[in-house]
Amino acid sequence: MAGTAEAQPMKVDMSDGTYKIDVVLGGGSGRATITSPATLVVKEGCAYAQIEWSSSHYDYMMVNGDKYLPVNTEGNSTFEIPVSVFDEPMTVIGDTTAMSVPHEVEYTLTFASETVAASGSGTGMNGSVSIALWIAVAVAVFMPVVTRMRRKEKK
């Protein structure tokens with residue numbers, strides 16, 4: 001990962017390894033696209049995404065004010081950036097040199113947590129972790145409702 005500094009990646013409860021995750025690009029002129037699903041890399045419990053643009057003309061990306069350089073020298077521009085949030089738009093800047101002068105363009109990336117899948121063999125989130133994640137979400141969502149219902153019954 002090349003950058004002038006590192007933005008803070010989100011801590012995740014996943015084994016270190018490589019995964020795939022659906023990502024939706026928003027903003028810009030609508031001409032640029034990114035590859036989805038993207039590669040999600042978990043290192044020391046932190047999430048990073050490899051974003052591949054539909055063009056070779058992106059020379060850097062900005063995430064939370066930190067600059068990231070491409071991780072490749074040929075083909076479409078690819079960057080490894082920290083993921084700060086799942087299931088909500090994350091603002092990034094892409095600097096394109098495709099026009100007469102470079103332009104910084106604001107985009108959003110939305111990473112869909114329910115689409116995380118192991119990539120390759122021997123690494124990844126297994127089914128029991130996925131089920132545990134869904135149970136934890138269900139408890140977090142429904143526990144306040146159950147608590148309110150019980151309070152009403154006691155009155």
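The following questions and answers concern a predicted model.

In this predicted model, local features need pLDDT of at least 70 and side-chain atom pairs count only at pLDDT 80 or more, while totals for chains, interfaces and linings use all residues. Residues are numbered from 1 along each chain as its sequence is written, and side-chain values use heavy atoms, with hydrogens and water left out.

Visitor: Is E80 buried or exposed?
Guide: E80 is found in strand 7 (residues 78-82); strands (E, at least two residues) are DSSP runs numbered from the N terminus. Buried means under 20% relative accessible area, exposed over 50%, and partly exposed in between (1.4 Å probe, protein chains only). With a relative accessible area of 8%, E80 is therefore buried.

Visitor: Which side chain is joined to that of E80 by a polar contact of 2.6 Å?
Guide: A polar contact is a pair of N or O atoms within 3.5 Å; within protein, one must be able to donate a hydrogen and the other to accept it, and residues adjacent in sequence count only if both atoms are side-chain atoms. The side chain of E80 makes one such contact, at 3.1 Å, with the side chain of Q50. The polar contact of 2.6 Å joins E80 to K43.

Visitor: Which strand gives the most residues to the largest nonpolar core?
Guide: A nonpolar core is a set of buried Ala, Val, Leu, Ile, Met, Phe, Trp, Tyr and Cys residues joined through side-chain atoms within 4.5 Å. The largest has 31 residues, of which L40, W53, I81 and F111 touch the most other members. Elements giving two or more residues to this core include strand 3 (38-43), strand 7 and strand 9 (103-111). The most, 4 residues, come from strand 9.

Visitor: Why does T115 count as partly exposed?
Guide: T115 lies in the loop between strand 9 and strand 10 (117-118), and its side chain reaches the backbone oxygen of A112 at 2.6 Å. T115 counts as partly exposed because its relative accessibility is 22%.

Visitor: What distance separates the C-alpha atoms of T115 and I21?
Guide: Not counting residues up to four places away in sequence, T115 touches K20, I21 and D22, where contact means heavy atoms within 4.5 Å. T115 and I21 are 94 residues apart along the chain. Their C-alpha atoms are separated by 5.4 Å.

Visitor: Which residues, beyond its neighbours within four places in sequence, is I81 in contact with?
Guide: I81 is among the core residues that touch the most other members. Leaving aside those sequence neighbours, I81 is in contact with Y48, A49, I51, M61, V63, Y68, M90, V92 and L109.
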